[in-house]
Amino acid sequence: FRRLFLGGEELEVSRKSAERLSPVAAAHRILSNSFGLIPFGVYRRNGEAREPVRNADLDRVLKERPNPQMSPYLCRKVLMSNAFWRGFGACWNQRDAAGRLTGRLPLPTECCSIRYDREAGAYWYDYDVDGVRRSFAAYELSLLYFETYDGVRGRGLLDLAREAVA
């Protein structure tokens, strides 16, 4: 079949091949753009109502500038894009020595491996980007899942629709 109809090429299931399918490209664009537009904020429950929490550090990174290179829209769009393709997106919540939130940086999901530390009873997210390796505890990250069955590992479009993409 492959030789007859596809010139003998191996069927590749990758982001690049999935983006060639217009419905997939449209779904990615619509979902990531829409998620980028959602206003994020922190709220405190007061009885049945929710009241916004005003905090200058949080407002700056959630509503003004999460990091020097990105707007809040672009940061959220990249986070959702990673979740769409790879199953989860992670944002590193950067803090200063006093523990104040100073920035949010989306991390490339394809460079991540997840490991469980039995002694500590905790998951670690290990990133290896351009030869630099860094491990993050879950509390250092904001995680967004496209689909998950265990709350640790995500399943993205490439995993869920592998046969259809191929």
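Which residues of helix H5 are buried? In this predicted model, the buried residues of H5 are Pro72, Cys75, Arg76, Leu79, Met80, Ser81, Asn82, Ala83, Phe84 and Trp85. The helix itself covers residues 72–86. With 15 residues, H5 reaches 21 Å from its first C-alpha to its last, close to the 21 Å expected at 1.5 Å a residue.

A word on confidence is helpful before going further. The average pLDDT of the protein is 86, and 85% of the residues score at least 70. Residues 1–5 stay under 50, and for this stretch the model has 7 contacts beyond four places in sequence. Where pLDDT is low, the predicted coordinates should not be read in detail.

The next part of the picture is the sheet that accompanies H5. The helix lies across S3, S4 and S8, running at about 140° to S3. These 3 strands form an open sheet in the order S4-S3-S8, with antiparallel pairing. S4 and strand S8 (141–145) are the edge strands, each of which pairs on one side only. From one strand to the next, the twist averages 20°. As a general point, strands of a sheet pair through backbone hydrogen bonds, either parallel or antiparallel. Here, strand S3 (residues 88–95) is joined to S8 by 5 bridges, and the two run antiparallel. Phe88 stands opposite Tyr145 in S8. Just after H5, Gly87 takes a positive phi of about 105°.

Two residues help to show how these elements come together. The first to consider is Phe84, found in helix H5. Phe84 counts as buried because its relative accessible area is 4%, under the 20% cut-off. Beyond its neighbours within four places in sequence, Phe84 is in contact with Val24, Ala27, His28, Leu31, Phe146, Gly156 and Leu157. A distance along the chain can also be set beside a distance in space: Phe84 and Tyr145 are 61 residues apart along the chain, while their C-alpha atoms are separated by 8.1 Å. Tyr145 is the residue of S8 that stands opposite Phe88.

The other residue is Thr109, which lies in the loop between strand S4 (101–107) and strand S5 (112–117). Is this loop residue buried or exposed? Thr109 is buried, with a relative accessible area of 6%. Its side chain reaches the backbone oxygen of Phe88 at 2.8 Å. Leaving aside neighbours within four places in sequence, Thr109 is in contact with Asn82, Arg86, Phe88 and Gly89. Of these contacts, Asn82 is listed among the buried residues of H5.

Another loop residue, Asp130, makes a useful comparison. Asp130 is found in the loop between strand S6 (122–129) and strand S7 (132–137). Asp130 is classed as exposed because its relative accessible area is 77%, over the 50% cut-off. Although Asp130 is not a glycine, it has a positive phi of about 50°.

Elsewhere in the chain, strand S1 (residues 43–46) and strand S2 (residues 49–52) run antiparallel and are joined by 4 bridges. Together S1 and S2 form a hairpin with 2 residues between them. In the turn, Gly47 has a positive phi of about 70°. Across the hairpin, Arg45 stands opposite Arg50 in S2.

Technical notes:
Residues numbered from 1 in each chain as written. Predicted model: local features only at pLDDT ≥ 70, side-chain atom pairs only at ≥ 80, totals over all residues. Heavy atoms only, no water. Buried < 20%, exposed > 50% of the residue type's maximum accessible area, 1.4 Å probe, protein only. Polar contact = N/O pair within 3.5 Å; in protein donor to acceptor, adjacent residues only side chain to side chain. Contact = heavy atoms within 4.5 Å. Pairing = 2+ DSSP bridges. Axes fitted to C-alpha atoms, helices over the stretch in contact; angles between N-to-C directions. Expected span 1.5 Å × (residues − 1). pLDDT = per-residue confidence, 0-100.
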